[in-house]
Amino acid sequence: MTTAKQFNFEKSYQELEKIVEQFESGDIDLDQSLKEFERGLELAEKLKAKLSEVENKVIEIKQKFENNE
Amino acid sequence: MKVYSVSEVVNYISSYLEQGLGSIAVQGEITGYNVNQNRLIFFELKDDNSRMTCFALTHQITDVLEDGMEVKVLGLPKLFKKSGKFHIHVQEVELVGEGALQKAFAKLKDKLSKEGVFDEQYKQALPRFPESIGLITSRDAAAFNDVLIRLNERWGGLNIKFAHTGVQGLGAVSQIVKAIEYYNTHEPVDVLIITRGGGSLEDLQAFNDERLVRAVFASKIPIVVGVGHERDITLAELASDMRASTPTNAAELVVPHQREIIRQIEDIRVSIVDSIESAIDNKQQLASRLVDRVSVWLSRIQENLAHHTKLLHTLSPQVTLERGYSITLKDDKVVKDIRLIKVGDQIKTKLSAGDFSSEVTNN
């Protein structure tokens with residue numbers, strides 16, 4: 001599972017969706033929104049960077065699941 | 001020679017069989033199937049020449065067994081302590097033959113359906129962007145590679161934890177059930193895939209086994225079951241949180257394609273940039289409209305001021321005098337009414353330039 005330090009794709013994507021929802025809902029106060037805007041761009045970059053990671057790691061679980069009654 | 005008691009011999013032979021032979025697999029036809037006290041299952045397995053007793057406890061095998069069914073039994077050879085009777089203590093049962101399997105399938109499907117095991121309301125949503133994926137299948141199956149290849153095409157940075165199990169034959173069910181339990185207790189992942197390729201009803205029967213189906217249903221981790229098949233959907237698929245049509249499809253269901261997500265992110269980015277730009281645009285328009293209105297207001301005020309100044313100027317006493325008017329004063333008081341003056345009064349007249357005194361002679 002992810003640690004707090006690790007970039008959490010799901011959470012970041014959700015945050016980005018919330019930002020665009022606010023922007024698309026219409027009334028934007030320019031002063032408040034500039035910070036959100038920057039955060040949105042930052043998230044978009046981070047998410048795209050995470051997607052450029054190519055490798056999937058495959059490990060086999062050591063535990064055996066044989067019968068034993 | 002040493003003489004043993006009956007109990008000693010029974011014990012000895014029972015241990016001798018159990019330890020010497022271990023589990024054995026026997027195929028035969030079920031006959032004399034009956035259940036005692038709701039827990040103890042007895043039946044005989046027979047072939048043309050011989051028969052033997054089988055004993056099981058209800059928690060070990062399903063209740064789909066009936067007389068006449070051809071089965072493979074995996075169990076331990078033992079003697080009962082009390083009767084000294086030889087029997088097989090059943091560990092696993094597998095059905096043999098299309099007929100038995102169809103019957104068992106229909107019976108179990110009906111039973112579980114009534115319990116609600118296949119109901120939509122119990123199905124868990126899959127995580128949108130899983131970070132870790134559990135994979136239960138046989139490493140010898142084509143399904144294994146199919147899943148990995150498709151996952152690699154679609155997404156990166158995944159932690160895939162693989163558990164090798166059998167996917168058919170005696171023992172497959174308990175291996176898969178144990179694997180599911182293991183992920184749920186020791187090796188948490190965001191989503192589980194259980195998968196295998198297609199096969200006959202006999203090949204797929206593990207995926208129609210009550211224990212496996214219940215384990216899928218009970219899992220706290222969402223499970224995608226994908227069985228490549230040409231015919232009926234297995235009960236494990238019906239009980240799963242999402243059914244995949246093939247191993248490859250299972251990989252498609254658990255992760256999105258990164259190409260798609262990159263496009264969505266880009267759309268979002270463009271959308272917020274557009275929003276900010278139009279907000280800035282609006283502000284600028286607002287500002288310039290404001291400036292325009294203030295200008296108009298200011299010039300109106302200026303006009304007003306000029307007008308009033310002009311008026312003030314026109315009406316001022318000095319300017320009036322310059323136009324030829326004069327001011328008449330009697331006793332230094334301005335006279336406006338002729339009735340205040342009588343003949344003989346001394347009056348002073350103020351002109352634009354200078355003033356003079358005079359006496360009223362007649363009016």
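**Exercise 1. Find how strand S4 of chain B is paired and covered.**

Solution. Start with strand S1 (residues 24-36) of chain B, which is joined to S4(B) by 6 bridges and runs antiparallel to it. Strands here are DSSP runs (E, at least two residues), helices are runs of H or I with at least four, and both are numbered from the N terminus; two strands pair if DSSP finds at least two bridges between them. This is a predicted model, in which local features need pLDDT of at least 70 and side-chain atom pairs pLDDT 80 or more, while totals for chains, interfaces and linings use all residues. Residues are numbered from 1 along each chain as its sequence is written, chains are lettered from A and ligands numbered from 1 in the order written, and side-chain values use heavy atoms, without hydrogens and water.

Next, pick out one bridge: B:Val26 has B:Val73 in S4(B) as its partner. Then turn to strand S5 (residues 86-96) of chain B, which pairs with S4(B) in the antiparallel sense over 10 bridges. Here B:Leu79 is the bridge partner of B:Phe86 in S5(B). The hairpin of S4(B) and S5(B) has 6 residues between the strands, and B:Gly84 there takes a positive phi near 70°. Finally, check the cover: 7 of the 10 residues of S4(B) (residues 70-79) are buried, that is, under 20% relative accessible area, with exposed over 50% and partly exposed in between (1.4 Å probe, protein chains only).

**Exercise 2. Describe how chain A and chain B meet.**

Solution. Begin with the residues in contact (heavy atoms within 4.5 Å): chain A gives 43 and chain B gives 48. By class, the side of chain A that touches chain B has 21 nonpolar, 10 polar and 12 charged residues; Ala, Val, Leu, Ile, Met, Phe, Trp, Tyr, Cys and Pro count as nonpolar, Asp, Glu, Lys and Arg as charged, and the others, Gly among them, as polar.

Now look for salt bridges (a side-chain nitrogen of Lys or Arg within 4 Å of a carboxyl oxygen of Asp or Glu). The count between the chains is 4, and one joins the side chains of B:Glu266 and A:Lys48 at 2.8 Å, N to O.

Last, look at the strands: S1(A) pairs with strand S7 (residues 159-164) of chain B in the parallel sense over 4 bridges. In S7(B), B:Phe162 is the bridge partner of A:Glu60.

**Exercise 3. Decide whether B:Thr234 is buried or exposed.**

Solution. Locate B:Thr234 in the loop between strand S9 (223-227) and helix H6 (235-239) of chain B. Its relative accessibility is 1%, so B:Thr234 counts as buried. Beyond neighbours within four places in sequence, B:Thr234 is in contact with B:Leu204, B:Phe207, B:Asn208 and B:Val227.
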